[in-house]
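Work through the exercises below with the sequence and the 3D structure at hand. Each task is followed by a solution in steps.

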Amino acid sequence: NGRIVVERGAKLIIDGGEVYAWGSNWSGIQVWGNSALPQTIVSGLAPNQGIVDVINQGTIRDAAIGISTGKFFDNGDIDWGGYFGGIIRCNNAKFINNWKGVGYLTYHNKNSIGNTINNIGYFYNTLFETNSVLKDPNNQYPDAFVSLWAVEGVKFYGNTYRNTNPTVPSIDKRGNGINSYDASYIIDRYKSGCTLYNYATG
């Protein structure tokens, strides 16, 4: 399946519009980082990490994983060679009909004296939605809008998470809002508040 790769030191800005595969599903966006180095912004870029910014109702749809913070081989296996730590920043974005909207892989951001600090990624006023059966015939129902594995401090402010599929499946096929494993993160209101409904779990 097709994919977009944002390499270390590069930036992808999705400013309005939609990113999807014509007539089918696709793998999604991979934003590569460096697991051993901090998330440092210099003149709008991160020399150690890739950045994906989604703004002004920019939309990612019909992907296996809308945006993932790591590198994957063509067969879908994770490359464990230290590519974690990519930066995702979303403000007024949309993730529609993805098997997983966002996937954070293990990464610990560090300051100059080696203490763990918050990931600088965030999601503000962002819509996560499933409104139909997915296009992938092998995965027709969603897994989760967001998954976080061993990361700290990603911010979720004022987002909406909803399943509006008119043929509402059984609860075990509705997917989860946020799955987390050994992770800490911040969920709070931002302007219009944060809504989660018609999903299996939060």
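Two strands count as paired if DSSP finds at least two bridges between them. The model used here is predicted.

**Exercise 1.** State how many helices and strands the chain has, and decide how its radius of gyration stands against the globule rule.

Solution. Step 1: the secondary structure consists of 18 strands and zero helices. Step 2: the radius of gyration is 16 Å, and the globule rule gives 17 Å for 202 residues. Step 3: these values are close, so the chain is as compact as a globular protein of that length.

**Exercise 2.** Give the strand order of the open sheet of six strands, and explain why strand 1 and strand 16 each have one side without a neighbour.

Solution. Step 1: the order reads 1-4-7-10-13-16, and the pairing is parallel. Step 2: strand 1 (3–6) and strand 16 (176–181) are at the edges with a single partner strand each, so one side of each lacks a neighbour in the sheet. Step 3: from one strand to the next, the twist averages 15 degrees.

**Exercise 3.** Describe the pairing of strand 4 with strand 7 and find the bridge partner of W26.

Solution. Step 1: strand 4 covers residues 26–31 and strand 7 covers residues 63–68. Step 2: four bridges join them in the parallel sense. Step 3: W26 has A63 of strand 7 as its bridge partner.

**Exercise 4.** Report the buried share of the chain and its exposed area.

Solution. Step 1: buried means under 20% relative accessible area. Step 2: by that cut-off, 50% of the 202 residues are buried. Step 3: the chain exposes about 9,400 Å², of which carbon and sulfur atoms supply 49%.

Technical notes
Residues numbered from 1 in each chain as written. Predicted model: local features only at pLDDT ≥ 70, side-chain atom pairs only at ≥ 80, totals over all residues. Heavy atoms only, no water. Helix = DSSP H or I, 4+ residues; strand = E, 2+ residues; numbered from the N terminus. Axes fitted to C-alpha atoms, helices over the stretch in contact; angles between N-to-C directions. Rg over C-alpha atoms; globule rule 2.2 N^0.38 Å. Buried < 20%, exposed > 50% of the residue type's maximum accessible area, 1.4 Å probe, protein only. Areas by Shrake-Rupley, 256 points an atom, 1.4 Å probe, with all protein chains shown as cover.
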